[in-house]
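Hi,

Here's the structure I promised to pass on. Have a look at it first, and my notes on what turned up follow below.

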Amino acid sequence: SIKTAAQIRQEFLDFFAAKAHAITPSAPVVPQDDPTLLFTNAGMNQFKPIFLGEQQTYAQDGRQWSRAANSQKCIRVSGKHNDLEEVGIDTYHHTLFEMLGNWSFGDYFKEEAIAWAWELLVKEWGLDPDRLYATVFGGDEKDGLPVDDEAIELWKKVTSIKPENILRFGKKDNFWEMGDTGPCGPCSEIHVDLRSDEERAKVSGAELVNADDPRVMEIWNLVFIQFNRQPDGSLQKLPAQHVDTGMGFERICAVLQGKTSNYDSDVFQPLIQEIAALASKTYGKDEKTDIAIRVIADHIRAVSFGVADGASPSNDGRGYVIRRILRRAMRYGWDVLGLREPFMHRLVPGIGKVFEEVFPELQAQLAYVISVVKAEEESFLRTLGQGISLFEQVAQDTKEIAGEHAFKLHDTYGFPIDLTRLMARERGLTVDEAGFDRLMQEQKERARSAGRFQAVTSDAQPWNFMPGHTELSETKFTGYDNFSVKA
Ligand code: ATP
Ligand code: MG
Ligand code: MG
Ligand code: MG
């Protein structure tokens, strides 16, 4: 029988609970006390103080734990990890996804991490071991980083993997660092080959690992934190070695449900069908329509949890990321699905319900989130159609959208630059981004000199009285405390 997503998540947590892991809640997608990070982008974020050595264990239920596991909501649309352009076009990168993770804080190390990952995937879940690949760090001479021979030996010793399915990769894929200095180490990833036996006989999956082929997909990353990078670049062995793993929940659900697209699993199908019904379309008939439906399904999840966790649409910081995602989805709705009324907010209740047991924060603030999304939709719908008309006009007989047009789309019609870029790319056009940046800069300077004038003339300067004011503080959440929905 086919397992549901809810069962798969629970089985992951039960598996590690049985191995003495604390099951911890997901941190919010908006980091609570890490101004260096726009959004939570990995399960390890909340455990950073432990990896930095500021804390030894994780405290929960009056106990100190050296092992933990959870499902963490992650958003990857900014900074080091930005998957936005792939989303909807491919079938396995999302803006918001769940990362299933298990951690060792100076407790078990490579042997258990590898053995348990294999046990869960092959023994518990029955994946075909011949279809699994393990990547290991192949070293980097220039950087003085050794080959992870230990991991290579352990894959052979504690799993039934074919030796030829153990593959070496370089720093980009198989070495993890928190920053220029600090904790770091090699990683081992598990990839799964979803192609038919026929296709596999023709081309070895080994050639498709880390090659952006959706049919040979990365599912689980096991990071072995064993070094501390010094300011002079040298590596020191950490006194306490840690394990940090992350498995893509939507990906493993698709695999276990026999699907080749995450959107075909029960994680996304109810939402996909709801959008198709709203637009009077059928999913799976036309690629352009399907991409639009996938983008909307993906983006409304990110927007819903982003807003629930404290990032409401705004003009900067986290709020602007949420605004960009929402507007990107709305444009697909307008242009491809012909939707002319606010529709995204109507999808929020279904998401709240599905996640009620796992991430109750959305259901708990449902009315608030719906109203924020609806207001943003109504606001952008006032200019979206005109903006599209302007774009159509200026996109005729040219290879490049002029900077002034991109600026006008931004300034007058609320089109974020990445939306203009996307629309241009769909027609094989480029955007004069240098020209756009120049106009944005000029506008900023105008605003700044206006601001200085105001600062001199006004004796009430509230920003002087805001303790701990940081660059990101305007995105700090005060929303639902003083919010009420009018009936
Ligand atoms: P990929 O190479 O597919 O972009 P990654 O190497 O960037 O993945 P990691 O940082 O290793 O990803 O994250 C751990 C796991 O999280 C991955 O093995 C993958 O299963 C999952 N994952 C990463 N990015 C996404 C995403 N945008 N959407 C869904 N799952 C993701
Ligand atoms: Mg990636
Ligand atoms: Mg990868
Ligand atoms: Mg990876």
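Let me start with a small one: where is the place of D397? D397 sits in the loop between helix 13 (366-394) and strand 14 (400-401); helices (H or I, at least four residues) and strands (E, at least two) are DSSP runs, numbered from the N terminus.

Before going further, the small print. This is a predicted model, where local features need pLDDT of at least 70 and side-chain atom pairs count only at pLDDT 80 or more, while totals for chains, interfaces and linings use all residues. Residues are numbered from 1 along each chain as its sequence is written, and chains are lettered from A and ligands numbered from 1 in the order in which they are written.

Back to the loops. Most residues other than glycine have a negative phi. D397 has a positive phi, near 50°, and D61, not a glycine either, has a positive phi of about 50°. You'll find D61 in the loop between strand 2 (58-60) and strand 3 (63-65). D61 is exposed, with 6 other C-beta atoms within 10 Å, and D397 counts as exposed with 5 C-beta neighbours inside 10 Å. For the record, exposed is 12 or fewer other C-beta atoms within 10 Å of a residue's own, buried is 20 or more, and partly exposed is in between, with C-beta atoms placed from the backbone.

Now the overall picture. The chain has 16 helices and 15 strands, and 41% of its 487 residues count as buried. Its C-alpha atoms fill a box of roughly 70 × 60 × 50 Å along the principal axes. A compact globule of 487 residues would have a radius of gyration near 23 Å, and the chain's 24 Å agrees with that (taken over C-alpha atoms; the globule rule is 2.2 Å times the number of residues to the power 0.38).

The chain is divided into domain 1 (5-262), domain 2 (268-382) and domain 3 (395-456), with bounds from an automatic or database domain assignment. The C-alpha centres of domain 1 and domain 2 lie 28 Å apart. Their contact takes 19 residues from domain 1 and 18 from domain 2 (in contact means C-beta atoms, placed from the backbone, within 7 Å). On the domain 1 side, strand 4 (67-75) and strand 5 (77-78) each supply at least two residues, and strand 4 has the largest share with three.

What about the ligand? Ligand 1 is surrounded by 15 residues, the closest being D83, F97, N221, G246 and G248 (near means a C-beta atom, placed from the backbone, within 6 Å). Strand 7 (96-104), strand 12 (216-229), strand 13 (235-248) and helix 7 (249-256) each supply at least two residues of that shell, and strand 12 gives the most, with four.

Last, helix 4 (residues 149-158). Its buried residues are A151, L154 and W155. Seen down the axis of helix 4, they fall within an arc of 105°, so they line one face (the arc is that of the directions from the helix axis to the C-beta atoms). The face turned away from the buried side of helix 4 carries the exposed residues D149 and K157. Covering the buried residues of helix 4 are, among others, helix 3 (110-124), strand 8 (132-137), strand 9 (166-169) and strand 11 (182-193).

Cheers

How values were computed
Two residues are in contact if their C-beta atoms, placed from the backbone, lie within 7 Å.
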